[in-house]
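Biologist: I should like to learn how to read this structure, feature by feature. Please begin with the general idea each time and then turn to the case at hand.

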Amino acid sequence: MNIRIGNGYDIHRLVADRALILGGIKISHELGLLGHSDADVLTHAIMDAMLGALSLGDIGHYFPPTDEKWAGADSLMLLGQVDQLIQEKGWRIGNIDSVLVAERPKLKPHISAMRERLAEVLSIKPDQVGIKATTNEKLGPVGREEGIAAHAVVLLVAAD
Ligand code: MG
């Protein structure tokens, strides 16, 4: 089989006095995401999808939140490491599709910058990185602006 699919999901809590970083892009907002690393929820969902495609577990296994080494870590650096791992296993990314779920702020103006940044780190083209943004229609914790969630699917193709 020369293709594999993976999916990833993540959610982080919104709090004061934290930066909001999504897809490697710092976004101006009065709240930011809480986490051991920089809490880039979109990049985390994408990494889990990449690992999931090869049944390699999840990012908590490779970058445990109990390890001080990853405190405040730049998630794009972690993404580069996951990419290296899948390449070593003989795979490359066909495409990524993802959804960010946030009530606020408006994410649409930042999507093209996120796609370019993620593509740059993964050495692929921005048109291989799909990112959509939606609200949760004020429903549930995301709707109450208690957090931001992300879903991602990744198709891996055997490298030749
Ligand atoms: Mg996370």
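Modeller: Let us begin with metal sites: donors are N, O and S atoms within 2.8 Å of the metal (3.2 Å for Na, K and Ca), and water is not among the atoms, so sites may look incomplete. This is a predicted model, in which local features need pLDDT of at least 70, side-chain atom pairs count only at pLDDT 80 or more, and totals for chains, interfaces and linings use all residues. Residues are numbered from 1 along each chain as its sequence is written, and side-chain values use heavy atoms, with hydrogens and water left out.

Biologist: Which residues coordinate the magnesium ion?

Modeller: D10 (OD), H12 (NE2) and H44 (ND1) do, at 2.0 to 2.3 Å. Along the chain these donors follow the spacing D-x1-H-x31-H. D10 lies in strand β1 (residues 3–15) and H44 in helix α1 (residues 41–53), so the pair ties together parts that are 34 residues apart in sequence. Here helices (H or I, at least four residues) and strands (E, at least two) are DSSP runs, numbered from the N terminus.

Biologist: Are D10 and H44 buried or exposed?

Modeller: Buried means under 20% relative accessible area, exposed over 50%, and partly exposed in between (1.4 Å probe, protein chains only). Both D10 and H44 are buried.

Biologist: In what order do the strands of the sheet lie?

Modeller: Strands of a sheet pair through backbone hydrogen bonds, either parallel or antiparallel. Two strands count as paired if DSSP finds at least two bridges between them. In this model, 5 strands form an open sheet in the order β4-β1-β7-β5-β6, with mixed pairing. Its edge strands, β4 (32–33) and β6 (129–134), each pair on one side only. Between β1 and β4 the pairing is antiparallel, over 2 bridges, and L14 stands opposite L33 in β4.

Biologist: How should one read the packing of α1 and α3?

Modeller: Two packed helices are described by the angle between their axes and the distance between the axes. Axes are lines fitted to C-alpha atoms, for helices over the stretch in contact, and angles run from 0 to 180 degrees between N-to-C directions. The axes of α1 and α3 are 10 Å apart, at an angle of about 10 degrees. The two helices are therefore roughly parallel to each other, a term for angles under 35 degrees (over 145 is roughly antiparallel, 65 to 115 roughly perpendicular, and the rest oblique).
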